[in-house]
Amino acid sequence: MTMPAPVPTPNSMLPLRSKQDGALFFVIAIIVFLACVSALITRATFVSAANWRADLNGAMTVQIKNAKDQDTKVARAAQVLRSIAGVSEVIVYDRTHATALLEPWLGKGNIPDDLPLPVIIAVQLTPQAPASKDVITFALRASDIRAEVDDHRRWSAEMNSATGFLQVFSLTALALLVSTAIAVTGFATRANLAARREVVNTLHLAGAFDGFIAAQFERRFGAMGFRAGIAGAALAALIVGAAQLMAGDGSGLLLPVFRLDPVGFGLLVLAPVLTAFSGALTARLTVLSNLKEQD
Amino acid sequence: MLALNDLYMRYSHGPDVLHNINLNLAPGSFHFLTGPSGAGKSSLLKLIYLAQHCSRGRVQLFGHDVAQSTRREKALLRRRIGVVFQEFRLLEHLSVFENIALPLRAAGQMREDYEEDVVELLSWVGLGDAINENPRTLSGGEKQRVAIARAVVAKPELLIADEPTGNVDPQMGIRLMRLFVELNRLGSTVLIASHDLQLVRASGAPVLTINEGKLSAPKPARKRGRP
């Protein structure tokens, strides 16, 4: 009678599945989902903060109050401003614009012609060498134009403070979630190790090096981390995509722009790889420390 | 080969279970270890196969002072020892073939290098048909044979067996003893703990007796020649 051939050798010397695996997969996937959303919010906060700062720091407003010969003064002021080095663009928001802004509140045709309205001139500055508030004020005064120059400094300070808080908050949340993921993996590895004590002891007594035993758990948790990472990142992509569709184009006005651009997509792709790496590393360190404790 | 000097052992903070053990096993020797239940046979074997530490004294194995050895060196020492555990310690998620090949795989050998040896050994212990079986499906005696095959597959320099014939019929017991004798003839030092006084007497090998954690001097063989 011929003997049957031995079946192929499995890669891992650990049982393929254990009772805790399903729950652990779910927990890691949810943590990865939260971490992905948190990472995208953090990124959106940084991008929005940078845009807000650039918008505020790269522009000034010149206000010319109602006066005799206002139109002439405005035209002269615009000419002076265009001649200043460090100014890239000058846009005059004349009475027509001011009227258009007031009409929604006062009603069309309800603004008398003699109602005094200020004229605003928006000044865009050259990003490389912007003109300072003092230079602009001095140039206007030299041309005998009385105007208020606002460099938005007060708004900038408040914006910096608000975005700084938002950035620190989102980074802290992200760091906490990543730490939680590592702690959960470590805890699960210890539980798995306790359940697999017999396998570990048998391998240990057969003369397996610690690294060989740790590699069995490393592969197991690395693979699980990768699968759970894909699930968590896919869920995050779904939610962010839906949020993007629902928010439309106007969402970036006050709130951070929460969208799935190539960088955001890259973060989601990176998530399973990082989860696998973190799971494998945590499992390895946990097993090695546990083996040393045993001896 | 093995030298134990003034050795004491305890589990955790409990009392000493082994007292002032002194033992020398020469390379190629064959000994039985007997004693009543709870006398310390398994504890002594655990010390020898490096599953436990001594609380006092010195263990020298293959010329190495175990206390001075690194973890890696201890792993390498363990590879030179084959152990048949009383409770078998088979991994139930692996096949019979994989269980037997475990020490070779743990030592980093590739399957193509050991497959033939494992298959041959399986056939020798009468489990050729169970090659892909799960150990859970085997009887106590079959499990014991798998455990023995696993202990001898790497041709260890020191073979330790804790009640290796406890679950097999007398005929298989004799067959397994022949395997130990054959390994001993090939150069392995053999130490077998057994309750089976008939088997011990029949073997004619020197007998170490342990009682209440104290080891008495080896009694010479009652039968002439090797077992």
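In this predicted model, chain B is built from seven helices and 10 strands. Its radius of gyration comes out at 17 Å, close to the 17 Å that the globule rule gives for 227 residues, so chain B is as compact as a globular protein of that length. Laid along its principal axes, the C-alpha trace of chain B spans about 45 × 40 × 30 Å. As for burial, 41% of the 227 residues of chain B make the cut. Contacts here reach well along the chain: taking those in chain B between residues at least 6 apart in sequence, 67% join residues at least 24 apart.

One helix of chain B is worth a look for its burial. Helix α1 (residues 41-48) of chain B has eight of its eight residues buried, so it is largely enclosed by the rest of the structure. The buried set is a mixed bag by residue name, with Lys41(B), Ser42(B), Ser43(B) and Lys46(B) listed alongside Leu44(B), Leu45(B), Leu47(B) and Ile48(B). Just past the end of α1(B) comes Leu50(B), with a positive phi of about 60 degrees.

Then there is a helix pair. Two packed helices are described by the angle between their axes and the distance between the axes. For helix α3 (residues 96-106) and helix α5 (residues 140-152) of chain B, the axes come within 7 Å and cross at roughly 30 degrees. The crossing of α3(B) and α5(B) is right-handed. On the α3(B) side, the residues involved are Val96(B), Asn99(B), Ile100(B), Leu102(B) and Pro103(B), and they meet Val146(B), Ala149(B) and Arg150(B) of α5(B). Leaving out residues up to four places away in sequence, Ile100(B) touches Val146(B), Ala149(B) and Arg150(B), and also Val118(B), Leu121(B), Leu122(B) and Val153(B).

Ile100(B) turns up again in the largest nonpolar core, which has 104 residues. The members touching the most other members are Ile100(B), Leu122(B), Ala149(B), Val153(B) and Ile160(B) from chain B, plus Val32(A) and Cys36(A) from chain A. The largest share of this core, 12 residues, is supplied by helix α1 (residues 19-57) of chain A. A second core, separate from that one, holds 16 residues, including Val62(A), Ile64(A), Val74(A) and Val149(A).

Chain A, for its part, is split by the domain assignment into domain 1 (19-53 + 156-294) and domain 2 (66-146). Taken over C-alpha atoms, the centres of these two domains of chain A are 52 Å apart.

Key: Residues numbered from 1 in each chain as written. Chains lettered and ligands numbered in written order. Predicted model: local features only at pLDDT ≥ 70, side-chain atom pairs only at ≥ 80, totals over all residues. Core = buried A, V, L, I, M, F, W, Y, C linked by C-beta atoms within 7 Å. Buried ≥ 20, exposed ≤ 12 C-beta atoms within 10 Å, placed from the backbone. Helix = DSSP H or I, 4+ residues; strand = E, 2+ residues; numbered from the N terminus. Contact = placed C-beta atoms within 7 Å. Domains from an automatic or database assignment. Rg over C-alpha atoms; globule rule 2.2 N^0.38 Å. Axes fitted to C-alpha atoms, helices over the stretch in contact; angles between N-to-C directions. Left-handed = near helix turned anticlockwise from the far one by under 90°.
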